[in-house]
Each structure stands twice: as C-alpha cells, then as structure tokens.
Amino acid sequence: MNRLQREAAVRQIMEGTPPPVPPELYAEIVRRGGRMQRRRTVAVRLMWLLLFAAAVAFVVWAVTARPWVEPPSETTPPLTGW
C-alpha cells in the first residue's frame, strides 16, 4: 500500500459516520471521567498547598536566620599601641 492509497483509506474512514457507542458504556465513561477530574483537582490543590507551605517556611527561616547579615567575627583584631 503506497502513500496515496493510505491517505485515501484514511479519508474514507474520516468521512464515514463513527460507529455507535453502546448506551451502557456512557455511564461508565462519565463515572470514570468524573473520578479523574476530582483526582486532578485534588492533586492541583495539594501542589498549591505544598508550594504555599514551602514559601511560608522559607520566609520564616529567612526572618529568623537573617542570611543577608554578615556573621559576627569570631576572632578579635590584634591590639596594637599598648
């Protein structure tokens, strides 16, 4: 089957009417889709909650540790002129 024949076969399939879906399958699909949507919503909310908690933890750490301040010197400078 060459390329033109494959394209013609695909066009014929695409132009035809889709096969009918069994009615009992519809309820199962809606149930699964709703469950997937709920799981996705919970996952997104959990990610936002974790991001918010990480931001709060970082702000609390930055306020308490003050990493932008130079630490005090641990040695004293030499005394001269005594």
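This is a short conversation about reading helices and an aromatic pair in a predicted model.

Reader: Let's begin with the helix at the start. How many residues does H1 have, and what span is expected for it at 1.5 Å a residue?

Author: Helix H1 covers residues 3-15, which makes 13 residues. The expected span is 18 Å, and the model comes close to that, with 18 Å from the first C-alpha to the last.

Reader: Which backbone nitrogen does a side-chain oxygen of Asn2 reach at the start of H1?

Author: That of Leu4: the oxygen comes to within 3.3 Å of this nitrogen.

Reader: Now to the rings. How many aromatic pairs does the structure hold?

Author: Just one. Phe58 and Trp61 form this pair, with 5.8 Å from centre to centre and 40° between the planes. Planes under 30 degrees apart would count as stacked and those over 60 as edge-to-face, so this pair is called tilted.

Reader: Why are Phe58 and Trp61 separated by about one helical turn?

Author: Because the two are three residues apart in helix H2.

Reader: Are these two side chains buried or exposed?

Author: Let's take each in turn. Phe58 counts as exposed, at 53% relative accessibility. Trp61 is partly exposed, because its relative accessible area is 44% and the exposed class begins over 50%.

Reader: Which residues does Trp61 contact, leaving aside its neighbours within four places in sequence?

Author: Those are Arg66 and Pro67. Trp61 itself lies in helix H2, which runs over residues 23-65.

Reader: And how far apart in space are Trp61 and Leu25?

Author: They are 54 Å apart, C-alpha to C-alpha, with their positions 36 residues apart in sequence.

Technical notes:
Residues are numbered from 1 along each chain as its sequence is written. This is a predicted model: local features need pLDDT of at least 70, side-chain atom pairs count only at pLDDT 80 or more; totals for chains, interfaces and linings use all residues. Side-chain values use heavy atoms; hydrogens and water are left out. Helices (H or I, at least four residues) and strands (E, at least two) are DSSP runs, numbered from the N terminus. Buried means under 20% relative accessible area, exposed over 50%, partly exposed in between (1.4 Å probe, protein chains only). Contact means heavy atoms within 4.5 Å. The expected span of a helix is 1.5 Å times one less than its number of residues. A polar contact is a pair of N or O atoms within 3.5 Å; within protein, one must be able to donate a hydrogen and the other to accept it, and residues adjacent in sequence count only if both atoms are side-chain atoms. Rings of Phe, Tyr and Trp (its six-membered ring) pair if their centres lie within 6.5 Å; planes under 30 degrees apart count as stacked, over 60 as edge-to-face and the rest as tilted.
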